[in-house]
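Look at the model below and pick out the aromatic rings and the helices. This report walks through a few of the places where side chains meet.

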Amino acid sequence: MTRRQERERAMGFKLLFVLTCFWVYNPIHVHATTNDKDVSALNVLYTSLNSPTQLKGWIASGGDPCGQSWLGVTCSGSSVTVIKLSGMGLTGNLGYKMADLTSLVELDLSNNNLGVGGNQIPYQLPPNIQRINLAQNQFAGGVPYSFTQLTALRYINLGHNQFSGSLSDIFTDLSNLTFLDLSYNSFTGNLPNSFSSLINLATLYLQNNQFSGTIDIIANLPLKDLNIANNHFTGWIPSPLLKINPVIDGNSFNNGPAPPPPPYTAPPPPPGGPKVKPTPSSGPPSKKSGLNGGAVAGIVVSFLAVGAAIAGIVVIFLRRKSSVFSRNQGSEPDEPLTPLASNEFGGSNLKSFKIEAPRSSLTTSVSLKPPAKIDPYKSFDEKDLTMKPILKKISFSSINVTCYSVADLQVATDMFSPDNLLGEGSFGRCYKAQFDGGKLLVVKKISRTALPNQSADDFAELVSNISQLHHANLTEITGYCNEHGQRLLVHEFYKNGSLHDFIHYPEEHGKSLSWNNRVKIALGSARALEYLHETCSPSVLHKNFKSSNILLDGDLNPHLSDSGFADLIPNPDSQAAEETSGYNAPEVAMSGQYSLKSDVFSFGVVMLELLTGRKPFDSSRSRAEQSLVRWVTPQLHDIDALDRMVDPGLKGLYPAKSLSRFADVIALCVQSEPEFRPPMSEVVQALVILMQRANMTKRALTGDGPDAESHDFV
Ligand SMILES: *[C@@H]1O[C@H](CO)[C@@H](O)[C@H](O)[C@H]1NC(C)=O
């Protein structure tokens, strides 16, 4: 808000105050002073906490948290700045609107029972938060990578929860962080490289987890207090840390004399960030203008090193040019193209992928098999890897879509103005962009964390692969930008937004989707997946099929987005919580085993959303109804139960037969055994028949509104 707006707003409040003075004797006329977004975020927080009666003043809809002094809420002007509800016996979760609390600087919900039942911290968090305390709760899963954006953070306490999996590289931009407590959880894996960016970290508590690897990465942080007891750390304690008397028992450190200094003196810079942050131990820059002998020697050595590096790059480049696709098939960059042992892509290996490991490319998530001999029940492990892929590694010059400059996209998005922000997906933010001639497109700004360790080459390959996917029900990429380390993609703008928003916030469209449109959207999305799975060779896994990735054009035709991004999807343990929970097949949730059949499962979940109008996971509902799949599946063959579960937004306007056939398809897709789920081509066929029947009973499928078509159904 500009100053002027602020002033005008303040004037407005004064006027309001004067007006209310006339009515002051009648309490009904008290006007709300809290701004609307904060109110609605607190309403959602309240219901997500299962509407606890102990929260005096709080209500589920409307109200005035600042004016009415809701328990634990502190405001500044009309904005909520602090929420402190420690030790209140709260359950549930934070809800999906926390990101709307743009003025919130402190959130303390410690010592409650939040997350009980395996819930994760939601992805949406207050963007300007400085202190977050969720200690002593029951949160599970990983730390959402939306933390990467919370650059104002000074204090994070997630101790005494049930977090698990490895920590992703979330610290790169958290240079103001002074306190970090992750103790008493079940974190595993190495400390991520971005730890080295925590240049103000004074307190670090990691005790009682299962972290492994060395602690070299934290050697040069300005720590005053360090507890890493009871983990699986190995190596040596870096000497700078010995001085602060760290608590280190219960690890497997070497007792012998520490090896020579090199490993400790220069922790590797955070991945993806070319900028080198000053470490506190580095002294002030030398003011001497002349060069001493050491400096000259240093420069000579640098030249030699740069020369060697260039030579290395040239060699790698030449060798890469000769290998077509092989680079993707493992850590060996120059391996010739050979059939792979099936265990290379087996579930257990996938599970062990670490966020900080260099990403292998598309092929890891692709099954190589000819469309001609599809075995519908083939699982991920058994695929035929002998076929040569059609998609090839390509440099930017051969990519057939527009190359934009950062400046182009800045102009088109009004400097990535928040007003143009369409949403935040798994890989970054999407902005509406207006180009010359009024053409509307969407710019997806891929966040640095989504592409750790990615070279321009890798990005070229990603863009190239995506740009070769063509289907009426996919979002078509029309351009990209690869400048100044920025990675952006440009695709069509779809007028009706995401299916997720259309289903769950129909009021924004002034209507809810008619039954026929729901069937049409299911069919179109099924066709998109069928294309990726069965027409593309090698098959393309989506891995992230969900209603927020289905975009609807002016005619409500679906367009699947984020296709070809599969290998950027991290291990589900560490994936942002709410986002995927509810869509993943049981084998993915348990062991990260993605396959064509796990996509089919996710497709079934989206069909369930279309049928019920409910979210796949909704913590505001009773325990039995939180997981949509678990709640609905046992009732899918019960016609009376179906009638009760169907989206109330349909107002009863659907043909019972069509509904029950739709439910039959869902039942096939969401079976817990992957091998029993049908291939997408069968799903498409079933939906085509459903659609044809609907057309026979209806003259034309034109009705967009529920009223237009309902009575035409049998
Ligand atoms: C980090 O702290 C400094 C000093 O208090 C402050 O000026 C700066 O705005 C902070 N950074 C962020 C991203 O909040």
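Ser-627 is buried in this predicted model. Its relative accessible area is 13%, and the cut-off for buried is under 20%, so the label fits. Ser-627 is found in the loop between α14 (623-626) and α15 (628-632). Leaving aside residues up to four places away in sequence, Ser-627 touches Pro-616 and Phe-617.

**Aromatic pairs**

Now turn to the rings. A pair of aromatic rings is described by the distance of the centres and the angle of the planes. A search of the whole structure finds 16 aromatic pairs. Two of these pairs are set out here.

| Pair | Centre to centre | Angle between planes | Type |
|---|---|---|---|
| Phe-416 and Tyr-431 | 5.0 Å | 80° | edge-to-face |
| Trp-515 and Phe-662 | 5.0 Å | 65° | edge-to-face |

Why edge-to-face? Planes over 60 degrees apart count as such. The planes of Phe-416 and Tyr-431 are at 80°, so that pair qualifies.

Where do the partners sit? Phe-416 lies in the loop between α7 (406-412) and β16 (421-425). Tyr-431 belongs to strand β17 (residues 428-434). The pair therefore ties together parts that are 15 residues apart in sequence. Phe-416 and Tyr-431 are both buried.

Trp-515 lies in helix α10 (residues 515-535), and Phe-662 in helix α17 (residues 656-669). This pair therefore ties together parts that are 147 residues apart in sequence. Trp-515 and Phe-662 are both buried.

Some rings form a group. Phe-139, Phe-163, Phe-187, Phe-211, Phe-233 and Phe-253 make up one aromatic cluster.

**Charges over rings**

Rings also have charged partners. Lys-445 lies over the face of Phe-416, at 4.5 Å from the ring centre. The charged end of Lys-444 sits over the ring of Phe-565, 5.6 Å from its centre.

**Two helices side by side**

Helix α10, which holds Trp-515, also packs against helix α13 (residues 596-612). Their axes are 10 Å apart, at an angle of about 170°. Angles over 145 degrees count as roughly antiparallel, and α10 and α13 are therefore roughly antiparallel to each other.

Which residues make the contact? From α10 come Arg-518, Ala-522, Ser-525, Ala-526, Leu-529 and His-533. From α13 come Leu-596, Asp-599, Val-600, Phe-603, Met-607 and Leu-610. The residues of this contact divide into eight nonpolar, two polar and two charged.

Methods:
Residues are numbered from 1 along each chain as its sequence is written. This is a predicted model: local features need pLDDT of at least 70, side-chain atom pairs count only at pLDDT 80 or more; totals for chains, interfaces and linings use all residues. Side-chain values use heavy atoms; hydrogens and water are left out. Rings of Phe, Tyr and Trp (its six-membered ring) pair if their centres lie within 6.5 Å; planes under 30 degrees apart count as stacked, over 60 as edge-to-face and the rest as tilted. Helices (H or I, at least four residues) and strands (E, at least two) are DSSP runs, numbered from the N terminus. Buried means under 20% relative accessible area, exposed over 50%, partly exposed in between (1.4 Å probe, protein chains only). A charge sits over a ring if NZ of Lys or CZ of Arg is within 6 Å of the ring centre and within 35 degrees of the ring normal. Axes are lines fitted to C-alpha atoms, for helices over the stretch in contact, and angles run from 0 to 180 degrees between N-to-C directions. Angles under 35 degrees count as roughly parallel, over 145 as roughly antiparallel, 65 to 115 as roughly perpendicular and the rest as oblique. Contact means heavy atoms within 4.5 Å. Ala, Val, Leu, Ile, Met, Phe, Trp, Tyr, Cys and Pro count as nonpolar, Asp, Glu, Lys and Arg as charged, and the others, Gly among them, as polar.
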